[in-house]
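Visitor: I should like to learn how to read a structure of this kind. Would you show it to me and take its features in turn?

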Amino acid sequence: MTHPDPAKPGDKAPPGTPGTGENICPRCHGSGKIDGMSCPDCAGTGKVTEPIGGA
Ligand SMILES: [Zn+2]
């Protein structure tokens, strides 16, 4: 298991990519759930990996 935190559909970059970091999932606003179901973008974690700073 080299990747304990696998990429999620909502990730903009693979976890661990330089210049990126975890951010609140914009789809579920960090709750990890939408209408009582796991958010598909963040896989229910409430966080996604996105570039920091630029963009
Ligand atoms: Zn989400």
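Visitor: Are Asp11 and Lys8 buried or exposed?

Guide: This is a predicted model. In it, Asp11 and Lys8 are both buried. Their side chains also meet in a salt bridge, at 3.8 Å from N to O.

Visitor: How should one read a salt bridge in general, and how many does the structure hold?

Guide: Side chains of opposite charge can pair when their charged atoms come close. The structure holds 4 salt bridges. One of them joins Lys12 to Glu50, with the closest N and O atoms 3.5 Å apart. Lys12 lies in the segment before β1 and Glu50 in strand β4 (residues 47-51), so this pair ties together parts that are 38 residues apart in sequence.

Visitor: How exposed is each partner, Lys12 and Glu50?

Guide: Lys12 counts as exposed, because its relative accessibility is 54%. Glu50 has a relative accessible area of 15% and is therefore buried.

Visitor: Which residue forms a salt bridge with Lys47?

Guide: The partner of Lys47 is Glu22, and the closest N and O atoms are 3.1 Å apart. Since Lys47 belongs to strand β4 and Glu22 to strand β1, the pair ties together parts that are 25 residues apart in sequence. Lys47 is partly exposed, at 34% relative accessibility, and Glu22 is partly exposed as well, at 47%.

Visitor: Which residues does Asn23 contact, leaving aside its neighbours within four places in sequence?

Guide: Asn23, found in strand β1 (residues 20-24), is then in contact with Gly46, Lys47, Val48 and Glu50. Asn23 and Glu50 are 27 residues apart in sequence, yet their C-alpha atoms are 6.4 Å apart in space.

Visitor: What is the order of the elements in the protein?

Guide: From the N terminus on, the order is β-β-β-β; there are 4 strands and 0 helices.

Visitor: How does one read the metal site, and which residues coordinate the zinc ion?

Guide: The general idea is to compare angles: four tetrahedral donors have an ideal angle of 109.5 degrees. Here the zinc ion is coordinated at 2.3 Å by the SG atoms of Cys25, Cys28, Cys39 and Cys42. The angles among its 4 donor atoms are 104 to 115°, and the site is tetrahedral. Along the chain, the donors follow the spacing C-x2-C-x10-C-x2-C.

Visitor: Which residues make up the largest nonpolar core?

Guide: That core has 5 residues in all: Cys25, Cys28, Cys39, Cys42 and Val48. Across the protein, 27% of the 55 residues count as buried.

Key: Residues are numbered from 1 along each chain as its sequence is written. This is a predicted model: local features need pLDDT of at least 70, side-chain atom pairs count only at pLDDT 80 or more; totals for chains, interfaces and linings use all residues. Side-chain values use heavy atoms; hydrogens and water are left out. Donors are N, O and S atoms within 2.8 Å of the metal (3.2 Å for Na, K and Ca); water is not among the atoms, so sites may look incomplete. Four donors count as tetrahedral if all angles lie between 85 and 135 degrees; four count as square planar and six as octahedral if opposite donors are over 155 degrees apart and all others between 65 and 115; anything else is irregular. Helices (H or I, at least four residues) and strands (E, at least two) are DSSP runs, numbered from the N terminus. Buried means under 20% relative accessible area, exposed over 50%, partly exposed in between (1.4 Å probe, protein chains only). Contact means heavy atoms within 4.5 Å. A nonpolar core is a set of buried Ala, Val, Leu, Ile, Met, Phe, Trp, Tyr and Cys residues joined through side-chain atoms within 4.5 Å.
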